[in-house]
Amino acid sequence: MKRKNMTGLIVGVVIAGSIIFAADHIDAPAVTGSGSTSLGTDITDLYAFQSPADNSKMVFVIGTQGLLSPTATTNASFPANTLYELNIDNTGDNVEDLVIQCLVQNGKVRAYGPVTPGMPGLTSTIKADAVMTEAMVTAKGSNAVIGTGSNGVRVFAGPRDDPFFFDIARYAEIIAGTESSFRMPGMDSFAGTNIMAIAVEVPKSLLGSSDNISVWAESKTK
Amino acid sequence: MNTKNILTGVLIASLSIAFISCDKNDDDATDNFDTSGTYTQVDQKARPGVATVFIGANRKNEFNTTTPSMMSASFKTDIASKLTAFGYTQNALGQNTDQFASLLATDVLNVKLTGTTTFFDGTNVLTGRALADDVIDTELLLIFGGPTGASNPGLTSDNVDANDKAFMNSFPFLASPH
């Protein structure tokens, strides 16, 4: 198939369906729609990787509130009514066997777990009797504040550079049919923007005995 | 945040004080931390871009509130249709439309607890997602690159290969904000 035809197909599909705004960012209309007061619950990205500094540990990062300008970042905060929950399946059925529940209140972040959830699925209660790790939320311009729990978990919360990179502007032009290919060099549409990030480092020994896990992030409100 | 709080936080970090919750409700009077109530899901995320590229605006909220174990049944058909509309037949992993749609529909990050963790590094595939991974190029290649990855060369890389700031070499690894 000629590329021109391909582009036409893409345009047709996208116009008929979704309008793409940004790769992972702001694609939860329920929380980012017009007049929303709960932008802080929008998850931009999830990262899961072995600590480059310690191969006995895994690091999970939840990005929220994407596309923050430096000025907007100064005033950004995590909503107090929101649970940021890391879900971990270690039995291969895509149902969470462990959760790490993160709350941010009174300028502090707390991470409970990893712990077996009270119930899997779309509603959660806090496992407040689980081992808890706490840190002050790091302010913009301050060095990263890290809390360490008795189980070896470490936690961080605060504004960070958005690690995501993508020439979403050019992609949008391709989708719109005004361009037929990416440009060289591309331009990172996320350069210079920040997210509100929660990072949790977990000893692998707390994640079960399977070599393969599946991970996803959820935001839940009350 | 005032200076005192910052200093307190630094002390917490440097002394590695472990905070263990003993009270079941954990809202002791000193910090008034509220752990009560039932939380209901509003957003969900794992692989980058899946919801944005493949899920129509009319089903995004549904996608964000469907548990992963139910996602394939609910969304595989939509994703397969979109792949077909993109001209997709097979990707460089050898997956046909049905197989690739099935993988994409269950929106979880597959992670290995031993060895390299990466979305794709030329050798390892879907063993995690590291901060520096060029996930968009990987996805463009798998969607538009055809069986050999050589199809549609103008659409298989956005030519942005790295973040705009260097990552830290210690936890939390993320770069400081702009």
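This dialogue walks through a predicted model of a complex, taking confidence, the contact between the chains, one residue and one helix pair in turn.

Q: What ipTM and pTM does the predictor give the complex, and where in chain B is confidence lowest and where highest?

A: The complex receives an ipTM of 0.88 and a pTM of 0.87 from the predictor. Within chain B the mean pLDDT is 87, with 83% of the residues at 70 or more, but the value depends on the element: helix H1(B), residues 3-15, has the lowest confidence, at a mean of 47, while strand S2(B), residues 109-112, has the highest, at 98.

Q: Over which residues of chain B does pLDDT stay under 50?

A: The general idea is that predicted coordinates should not be read in detail where pLDDT is low. Here the stretch is residues 6-29 of chain B, and the model has 45 contacts beyond four places in sequence for it.

Q: How many residues does each chain bring to the contact, and which strand gives the largest share of the side of chain A?

A: In general, the size of an interface is often given as the accessible area lost when the parts come together. In this model the description is by residues, with 108 taken from chain A and 86 from chain B. Strand S11(A), residues 212-221, supplies ten residues, the largest share of the side of chain A that touches chain B, and that side is made up of 55 nonpolar, 30 polar and 23 charged residues.

Q: Is Val200(A) buried or exposed, and what does Val200(A) touch?

A: The test for burial is a count of 20 or more other C-beta atoms within 10 Å; Val200(A) has 26, and is therefore buried. Val200(A) lies in strand S10(A), residues 194-203, and, leaving aside residues up to four places away in sequence, touches Phe60(A), Leu86(A), Ile100(A), Ala111(A), Val153(A) and Val155(A). One of these partners, Ala111(A), is 89 residues away along the chain, yet the two C-alpha atoms are separated by 7.8 Å. As for chain A as a whole, 56% of its 222 residues count as buried.

Q: At what angle do helices H4(B) and H5(B) pack, and which hand does their crossing have?

A: Helix H4(B), residues 68-85, and helix H5(B), residues 97-105, pack at about 130 degrees, with their axes 8 Å apart. The two helices are therefore oblique to each other, and their crossing is right-handed. Among the residues making this contact are Phe75(B) and Ile79(B) of H4(B) and Phe100(B) and Leu104(B) of H5(B); by class, the contact has nine nonpolar, four polar and two charged residues.

Conventions:
Residues are numbered from 1 along each chain as its sequence is written. Chains are lettered from A and ligands numbered from 1 in the order in which they are written. This is a predicted model: local features need pLDDT of at least 70, side-chain atom pairs count only at pLDDT 80 or more; totals for chains, interfaces and linings use all residues. Axes are lines fitted to C-alpha atoms, for helices over the stretch in contact, and angles run from 0 to 180 degrees between N-to-C directions. Helices (H or I, at least four residues) and strands (E, at least two) are DSSP runs, numbered from the N terminus. Angles under 35 degrees count as roughly parallel, over 145 as roughly antiparallel, 65 to 115 as roughly perpendicular and the rest as oblique. A crossing is left-handed if the near helix is turned anticlockwise from the far one by less than a right angle, and right-handed if clockwise. Two residues are in contact if their C-beta atoms, placed from the backbone, lie within 7 Å. Ala, Val, Leu, Ile, Met, Phe, Trp, Tyr, Cys and Pro count as nonpolar, Asp, Glu, Lys and Arg as charged, and the others, Gly among them, as polar. pLDDT is the predictor's confidence in each residue, from 0 to 100. A residue is buried if 20 or more other C-beta atoms lie within 10 Å of its own, exposed if 12 or fewer, and partly exposed in between; C-beta atoms are placed from the backbone.
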